[in-house]
Amino acid sequence: MRQRRPGIGMTGFASLPPVTAAATSAELQRDELEVLQDIHGLLAGGRFAVLTGAGLSTDSGIPDYRGPGAAPRAPMTYQEFIGEAENRQRYWARNHIGWSHLRRADPNDGHAAVARLEHRGLLTGLITQNVDRLHEDAGSVNVVDLHGRFDQVVCLDCHRRYSRRLLAGVLEELNPGFLERAHAAGAIEMAPDADATVEDSGLIESFVVARCPACGGTLKPDFVYFGENVPKDRVERSYAMVDAARALLVAGSSLTVMSGLRFVRHAAKQGKVVVIINRGATRGDDLATIKLDAGVSGALTWLAAELPTL
């Protein structure tokens with residue numbers, strides 16, 4: 001079990017160090033290696049698609065939504081966000097804190113392993129439910145960011161897109177000293193979508209929300225909220241990756257939401273091999289050809305080193 005380092009007034013990815021290759025290898029137990037040998041036999045000799053979830057980014061220190069030990073979370077829905085100005089104020093205040101930390105996260109060995117698999121021509125493509133862009137930072141190219149990306153902001157009125165980094169500067173100007181006050185307020189729980197659970201209502205109520213610089217409209221992070229549909233083009237591109245593959249490898253996803261589970265169902269219906277690597281049960285376990293309950297980074301690192309080039 002990896003030990004958490006003392007935090008800096010926050011709990012979540014800010015308190016976890018990146019994982020090294022040596023550490024991931026050491027985490028694999030004998031029974032896990034035996035299952036990996038079976039997975040190797042199923043994946044070798046053909047191209048496969050990869051579907052990743054929040055469990056892959058935990059080794060970069062970004063907390064999971066539903067993995068073992070994950071704190072209960074109630075993410076804001078799209079309907080809540082657009083329904084009340086107070087909800088948007090609360091969300092942007094928390095996101096401003098989360099962004100200041102999430103932007104510092106680095107890819108881990110699991111991200112690097114997926115990139116190596118792609119570069120060696122073993123993948124038909126990568127579908128990720130994560131918004132952290134760590135796959136791209138690790139070098140993956142053919143990626144569907146199924147739920148969007150945290151580094152962009154979209155205006156709901158004029159549909160212009162802006163850099164989240166640019167918006168961070170605007171929010172800092174509108175809210176001088178806010179981050180310092182947030183840190184001083186005590187421990188803050190982080191979430192994979194750069195949201196932060198903040199209990200200080202006075203701090204939230206003091207936050208000034210930025211408007212679209214072009215039209216004065218409502219800005220929203222450019223990712224899919226709960227209660228919001230994944231854009232059709234992303235879904236179609238993801239299905240195409242699965243259709244072109246001999247197998248589907250799911251890594252670090254509980255498959256709780258249909259946006260990811262549908263690709264597992266699609267692959268299983270076509271008679272394709274479905275491999276699931278995840279800590280804990282998933283909603284797709286009954287569809288899996290084989291399931292490995294293990295650390296995702298270590299398993300992917302082993303597969304990237306052992307699978308033969310086509």
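**Figure 1. V154 and its bridge partner in strand β8.** In β8, V154 is partnered by K220 in a bridge. This is a predicted model, so keep that in mind for every view that follows. V154 has a partner in β5 too, and there it is R161. Zooming out a little, β4 covers residues 148–155 and β8 covers residues 219–223, and 4 bridges join the two. These two strands run antiparallel. β4 is also joined to β5, residues 161–163, by 3 bridges, and again the strands run antiparallel.

**Figure 2. The turn between β4 and β5.** How many residues sit between the two strands of this hairpin? There are 5 of them. Have a look at H159 while you're here: this turn residue has a positive phi of about 70°.

**Figure 3. The whole chain, before we go in again.** Here's a quick orientation. The chain has 12 helices and 11 strands. It's 310 residues long, and 52% of them count as buried. If you take the contacts with a separation of 6 or more, 74% come from residues 24 or more positions apart. The accessible surface adds up to about 13700 Å², and carbon and sulfur atoms own 50% of that. As for charged pairs, the structure holds 10 salt bridges, and the next three views each pick one out.

**Figure 4. R279 meets E32.** These two form a salt bridge, with their closest N and O atoms 3.9 Å apart. R279 belongs to the loop between β10 (273–277) and β11 (290–292), while E32 belongs to helix α2 (residues 30–43), so the pair ties together parts that are 247 residues apart in sequence. Side chains of opposite charge can pair when their charged atoms come close. Which of the two partners is buried, and which is partly exposed? E32 is the buried one, with a relative accessibility of 7%. R279 is partly exposed, at 40%.

**Figure 5. R133 and D151, part of a charged network.** The side chains of R133 and D151 come together in a salt bridge, 3.9 Å from N to O. The pair links distant parts of the chain, 18 residues apart: R133 is in the loop between β2 (123–128) and α6 (134–138), and D151 is in strand β4. R133 counts as buried, at 16% relative accessibility, whereas D151 comes in at 23% and counts as partly exposed. The pair isn't on its own, either: salt bridges link R133, E136, D145, R149 and D151 in a network.

**Figure 6. A salt bridge within helix α10.** Here the side chains of K232 and E236 meet, with 3.9 Å from N to O. Both residues lie in α10 (residues 232–243), and they're 4 residues apart, about one turn of the helix. An α-helix has 3.6 residues a turn, so residues three or four places apart point the same way. K232 counts as exposed, with 62% relative accessibility. E236 is partly exposed, at 47%.

**Figure 7. E118, a charged residue without a salt bridge.** You'll find E118 in helix α5, residues 109–119. E118 is buried, yet has no salt bridge. How far away is the nearest side chain of opposite charge? That side chain is R237, and it's 7.7 Å away. What the side chain of E118 does reach is the backbone nitrogen of V141, at 2.9 Å. Setting aside neighbours within four places in sequence, E118 is in contact with L123, S140, V141 and N142.

**Figure 8. T128 and its surroundings.** T128 is a residue of strand β2, and at 1% relative accessibility it counts as buried. A polar atom of the T128 side chain lies 3.1 Å from the backbone nitrogen of N130. Again leaving out neighbours within four places in sequence, the contacts of T128 include T52, H135 and D145. Also among them are V143, V144, L146 and H147.

**Figure 9. Helix α12, mostly covered.** We finish with residues 296–306, the span of α12. Of the 11 residues in this helix, 9 are buried. The buried ones are V296, S297, G298, A299, L300, T301, W302, L303 and A304.

Conventions: Residues are numbered from 1 along each chain as its sequence is written. This is a predicted model: local features need pLDDT of at least 70, side-chain atom pairs count only at pLDDT 80 or more; totals for chains, interfaces and linings use all residues. Side-chain values use heavy atoms; hydrogens and water are left out. Two strands pair if DSSP finds at least two bridges between them. A salt bridge is a side-chain nitrogen of Lys or Arg within 4 Å of a carboxyl oxygen of Asp or Glu. Buried means under 20% relative accessible area, exposed over 50%, partly exposed in between (1.4 Å probe, protein chains only). Contact means heavy atoms within 4.5 Å. Accessible areas come from the Shrake-Rupley method with a 1.4 Å probe; for residues, only the protein chains shown count as cover. Lys and Arg count as positive and Asp and Glu as negative; His and the chain ends are not counted. A polar contact is a pair of N or O atoms within 3.5 Å; within protein, one must be able to donate a hydrogen and the other to accept it, and residues adjacent in sequence count only if both atoms are side-chain atoms.
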